[in-house]
Amino acid sequence: MLHDPSHRPQPITTEEIRLLPAETDVLQRLVDEFAGIAALRVHREKAELWRRLNDLESDRPMVWINEIPWHEMNVNDELTLRTQHSWAREWEMTLRQTLYQWRHLPADMVLSDFMECPLAIHSTDFGIIEDVELAKTDEANPIVSRHFNIQIRDWPDLEKIKVPRITHVAAATEERFRVMSAICADLMSVRKVGRTHIWFTPWDYLIRWWGVQEAMLDLVERPELVHAAVDRMVAAWNTELDQFVEQGLLSPDANNTRIGSGGYGYTRALPNPIRQTIGVAPCQMWGCSNAQIFSAVSPDMHWEFALKHDLPWLSRWGLTYYGCCEPLDFKLDLLRRIPNLRKVSINYRVNLDRAVRNVAGRYVFSYKPNPAIFATEVWRPDEARQELIRVLEQARDCHVEIIMKDISTVRYQPQRLWEWAALAMDLVQRGRH
């Protein structure tokens, strides 16, 4: 993740990557397994189903699982890391998690037939990070409760928000590519990949510096200050995007890249040249935005303090996705002002009938089931099944993706998530929509 409100980006090392023979062997075995799975025909078939969904020609609803509580998922040491080098451990973790998901909860996941080597891109970030007090119920869980200490109180504090500066550390990219190519030799090709889908969400950052209650009150009490803060964030993001374009660091994302808070980006609606893997323009890619903190804010205020500011960003992209965890069923009229809007996030708390009426035939209905189903003391798969049946039946005239995400816990019973994936796929493949 290029930006993270909780910490500053670390410098990128250009040191030679030296792996022990045992580490190389571990990675080669994982790549070999990955390559064998990626060669299966089912991935091409699933890619076409995703493509038809995103082009509003769907054959059936699609299912994908993301934001998994990996600290609770390890069985039979499938996720236990065996390398020691920090770079190797990151790659090993990615491989093991991908293979684990394929074995136990694949749903409609798609594996690439090549290994990605991300460009080593460094950002100076926005100059300000959150100052928080944390509350934890599980030391192993990265999901925590936060109390934000206020850092933006008045006009002078806006100067704390800086414009990021982007640098491609080419030497680090080449070193990673060299090592990956050696490990993947005779197994699968390695491809350098630049920045793909960019998670653009000014309000997710502002509330961490401003405070939730304080920011919401200032929508009424100090609206000009709020406008200025959002404008500053959007300008910073747009300037950063200009740098990506100028340095040729963007890659196509009409593939198995996650788009917004939803599923994959396969589509024919974006003019992505097949042979161009780095150096594309934003108009050849997906954009996104959201304002999760505006769940209870009126449509007029949502437009005034969020979406109106987002338009200079959203207008740069070929297709767009809007929303995350905020209910949007009563805000579709304002979302129609977004250029090239293609997907809308539909939270489980919405008025489902209203959401269906406003989305059907126009956009992808990106439904997010309630992840709290996994946190109950007793696992109740029938309740999970009934939620999906209700949604699929009411949204039968929509182009639907079911995205299970924001899973904080499965109570250290990973089989709950496995079972959910199986029952969801059973429903969509049997035509229960």
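In this predicted model, E67 is found in the loop between β1 (62-65) and α3 (86-104). The phi of E67 is near 55°, a positive value in a residue other than glycine. Such a value deserves a second look, since most residues other than glycine have a negative phi. With a relative accessibility of 31%, E67 counts as partly exposed, because this value falls between the 20% limit for buried and the 50% limit for exposed.

A second loop residue makes a helpful companion to E67. D125 sits in the loop between β3 (121-123) and β4 (132-135), and D125 too has a positive phi, about 70°, although it is not a glycine. The surroundings of D125 can be read from its relative accessibility of 4%, a value at which D125 counts as buried.

Attention now turns to a helix. Helix α5 (residues 202-210) is mostly covered, with 9 of its 9 residues buried. Among these buried residues are the tryptophans W203, W209 and W210, along with P202, Y205 and R208. An α-helix has 3.6 residues a turn, so residues three or four places apart point the same way. What do the buried residues of α5 pack against? Their partners are the strands β5 (145-148) and β8 (286-289), together with the helices α6 (212-221), α7 (223-246) and α8 (299-314). Just after α5 comes G211, whose phi is positive, near 95°.

The loop between α7 and β8 holds L270. L270 has a relative accessible area of 7% and is therefore buried, as the cut-off for this class is under 20%. Leaving aside residues up to four places away in sequence, L270 touches D253, A254, C283, Q284, M285, W286, G318 and L319. By contrast, the C-alpha atoms of L270 and E33 are separated by 32 Å, and these two residues lie 237 residues apart along the chain.

Strand β10 (residues 341-347) offers another view of the interior. All of its residues, 7 of the 7, are buried, so the strand is largely enclosed by the rest of the structure. In a regular strand the side chains alternate between the two faces of the sheet. Two neighbouring strands are joined to β10. Strand β9 (residues 319-322) runs parallel to β10 and is joined to it by 3 bridges, and one of the pairings places Y321 with its bridge partner K343 in β10. Strand β11 (residues 364-368) also runs parallel to β10, and here 5 bridges join the two. N347 stands opposite K368 in β11. How does the chain get from β10 to β11? The path leads through helix α10 (residues 352-359), forming a β-α-β crossover that is right-handed.

The last feature is a pocket. The second largest pocket has a volume of about 920 Å³. Its lining is made up of 32 residues, and F114, R191, A254, N255 and Y266 lie nearest its centre. One of these, A254, is also among the residues that L270 touches. Which elements each supply at least two residues of this lining? They are α2 (41-54) and β7 (190-193), and α2 gives the most, with 5 residues. In chemical character, the lining of the second largest pocket is mixed, with 13 nonpolar, 11 polar and 8 charged residues.

Key:
Residues numbered from 1 in each chain as written. Predicted model: local features only at pLDDT ≥ 70, side-chain atom pairs only at ≥ 80, totals over all residues. Heavy atoms only, no water. Buried < 20%, exposed > 50% of the residue type's maximum accessible area, 1.4 Å probe, protein only. Helix = DSSP H or I, 4+ residues; strand = E, 2+ residues; numbered from the N terminus. Pairing = 2+ DSSP bridges. Right-handed = clockwise from strand over helix to strand, strands pointing away. Contact = heavy atoms within 4.5 Å. 1 Å grid on protein atoms, 1.4 Å probe; cavity = no way out; pocket = protein on both sides within 12 Å on 5 of 7 lines; lining within 4 Å. Points joined across faces, edges and corners; volume = space filled by probe spheres on them. Nonpolar A, V, L, I, M, F, W, Y, C, P; charged D, E, K, R; others polar.
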